[in-house]
Structures are given as structure tokens and as C-alpha cells.
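Got the viewer open? Here is a short tour, stop by stop, telling you what to select and what you'll find there.

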Amino acid sequence: MGLSRQDSFKSYERPEALQGKDLRPPASEKYSRSSEPDFPPLDMQLLEEGQKYYLITCRPCHGTLGRATGEVLAHGFLHPPKSFLEESQKKQSVFTVYHTLTDGRGEMLSVSDQLNRKQRWAVANYVKVLQKLPLPPSPTEVPCVE
Ligand code: HEC
């Protein structure tokens with residue numbers, strides 16, 4: 001990857017500064033548009049983090065490419081999520097996706113217990129990038145059974 005990881009570090013994300021620190025916001029600190037936290041910009045480092053946590057946390061339901069082909073659906077999940085590649089989903093801003101991850105939406109539960117604020121932000125950005133990729137029109141991915 002062309003980007004230098006070292007250069008993309010902000011002071012607050014330097015590994016040594018983060019050691020032993022819990023990055024999660026205090027329980028009282030809820031996301032709202034009026035108090036947007038200072039999220040790191042989208043770069044390769046954030047994207048790689050987003051992909052990592054997407055595959056761990058989201059893929060079981062949403063599938064590797066976001067087409068709702070995760071194995072949880074194969075086990076009869078009652079209300080399957082929409083494919084991320086649907087226009088209505090593509091139109092959502094990264095903040096809306098972040099908000100869904102933070103507070104949940106409909107049958108999509110909050111993942112705040114599993115992912116801290118920066119990880120949720122990274123995953124939301126990853127979803128938005130996934131939606132922009134030139135993916136083939138019909139599902140070709142192999143359902144993940146591990
Ligand atoms: C246990 C299964 C499950 C997991 C894990 C899960 N989701 Fe979902 N998600 C759903 C379901 C079901 C819906 C549909 C909710 C509805 O329409 O009521 C959904 C909906 C969504 C939506 C669309 C909300 C809307 O506007 O309709 C987004 C965005 C989303 N999920 C992102 C994610 C991301 C990113 C992750 C990983 C951090 C994740 N989800 C993990 C099941 C899951």
C-alpha cells in the first residue's frame with residue numbers, strides 16, 4: 001500500500017499513546033450530530049481496520065460483500081437485512097451508518113458493546129467504500145461457512 005502508516009498517525013492514535021487505554025467513550029457520552037466526535041480521516045489504515053472488524057462483526061449477517069448472504073440468514077434469520085448494494089443503502093451517509101452501529105436501527109442491534117467508537121467509525125467508512133466498488137451485478141460470493 002502506498003500510504004505510509006507512520007505519516008497517517010494523528011497524535012491521539014499513536015500506538016504508544018494508546019497503550020493500556022480504553023478508547024471507548026464513557027457510557028454517558030452518546031453520539032449526536034450536535035457533538036460530533038473528532039473521527040480520524042479515511043485513509044488506508046482506517047480502511048484496513050474497518051475491513052478487519054467488518055469481517056469479524058458484520059459478515060455473519062451481512063455477508064463478505066454486504067449482500068446479506070451471511071450464514072446467519074441461512075439459519076432462518078427472521079428479517080434479513082437489505083443488501084448494502086441497494087440504492088437506498090448507498091444513499092446513506094457514513095454518519096447514518098455510524099449512527100446505526102452505535103444505537104441500532106430496527107432489528108439491527110447496536111454493536112457498541114463489541115466495537116469501540118473508532119472501530120465503529122472505521123467499519124462505517126469501510127461499508128461506504130464497499131458500496132463504491134465495481135462489484136459484479138449478481139451475487140457470486142461463496143457463502144462463508146467456517
Ligand atoms: C445478528 C445479525 C447482524 C449483525 C451481526 C449485523 N447486522 Fe446490520 N442489520 C441486521 C439486520 C437484521 C438489519 C435490518 C434491520 C431492519 O431493517 O430492521 C440490519 C441493517 C443494517 C443496516 C441498514 C440500516 C437501515 O438503514 O435500514 C446497516 C447500515 C447495517 N446493518 C450495518 C451493519 C454493520 C456495519 C455491522 C457490523 C458492525 C452489522 N450491521 C452487523 C443484522 C445484523
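## Stop one: around the ligand

Start by selecting the ligand and then colour helix α3, since α3 is the element that gives the largest share of the shell around the ligand, five residues. Keep in mind as you go that this is a predicted model. Now widen the selection to the whole shell: 18 residues surround the ligand, and the closest are Cys58, Cys61, Pro81, Gly106 and Met108. Which elements give two or more residues to this shell? They are α3, α6 (94-103) and α7. Try colouring the shell by class, and you should get eleven nonpolar, five polar and two charged residues.

## Stop two: the whole chain

Zoom out and switch to a cartoon view. The chain has seven helices and zero strands, so to speak an α-α-α-α-α-α-α pattern when you read along the sequence. How much of the chain is buried? Of its 146 residues, 21% count as buried. Next, turn to the contacts in the chain with a separation of 6 or more: residues 24 or more positions apart account for 64% of them.

## Stop three: α3 meets α7

Select residues 44-62 for α3 and residues 117-132 for α7. The axes of these two helices come within 7 Å and cross at roughly 90°, which means that α3 and α7 are roughly perpendicular to each other. To see who makes the contact, show side chains. On α3, pick Leu46, Leu47, Glu49, Gly50, Gln51, Tyr53, Tyr54 and Cys58; on α7, pick Gln119, Ala122, Val123, Asn125, Tyr126 and Val129. Sorted by class, this contact of α3 with α7 holds nine nonpolar, four polar and one charged residues. Cys58 is worth a second click: it belongs to this contact and is also one of the closest residues to the ligand.

While you are on α3, click Arg59, which has its place in that helix. Is Arg59 buried or partly exposed? With 19 other C-beta atoms within 10 Å, Arg59 is partly exposed, because a residue needs 20 or more to count as buried. Draw a distance from its C-alpha to that of Thr69: Arg59 and Thr69 are ten residues apart in sequence and 8.4 Å apart in space.

## Stop four: α6 meets α7

Keep α7 on screen and add α6. The axes of α6 and α7 come within 9 Å and cross at roughly 130°, so this pair is oblique. Rotate the view and look at the handedness: α6 passes α7 in a right-handed crossing. The contact uses Val94, Val97, Tyr98, Leu101 and Thr102 of α6, together with Arg120, Trp121, Val123, Ala124, Asn125, Val127 and Lys128 of α7. By class, that makes eight nonpolar, two polar and two charged residues. Val123 and Asn125 may look familiar, as both also take part in the contact of α7 with α3.

## Last stop: Val97

Finish by centring on Val97, in helix α6. Why does Val97 count as buried? Because it has 22 C-beta neighbours inside 10 Å. Leave aside its neighbours within four places in sequence, and Val97 is in contact with Gln92, Ala124, Val127 and Lys128. For one more distance, join the C-alpha atoms of Val97 and Arg120: they are separated by 9.0 Å, though the two residues are 23 residues apart along the chain.

Key
Residues numbered from 1 in each chain as written. Predicted model: local features only at pLDDT ≥ 70, side-chain atom pairs only at ≥ 80, totals over all residues. Axes fitted to C-alpha atoms, helices over the stretch in contact; angles between N-to-C directions. Helix = DSSP H or I, 4+ residues; strand = E, 2+ residues; numbered from the N terminus. Parallel < 35°, antiparallel > 145°, perpendicular 65-115°, else oblique. Contact = placed C-beta atoms within 7 Å. Nonpolar A, V, L, I, M, F, W, Y, C, P; charged D, E, K, R; others polar. Near = placed C-beta within 6 Å. Left-handed = near helix turned anticlockwise from the far one by under 90°. Buried ≥ 20, exposed ≤ 12 C-beta atoms within 10 Å, placed from the backbone.
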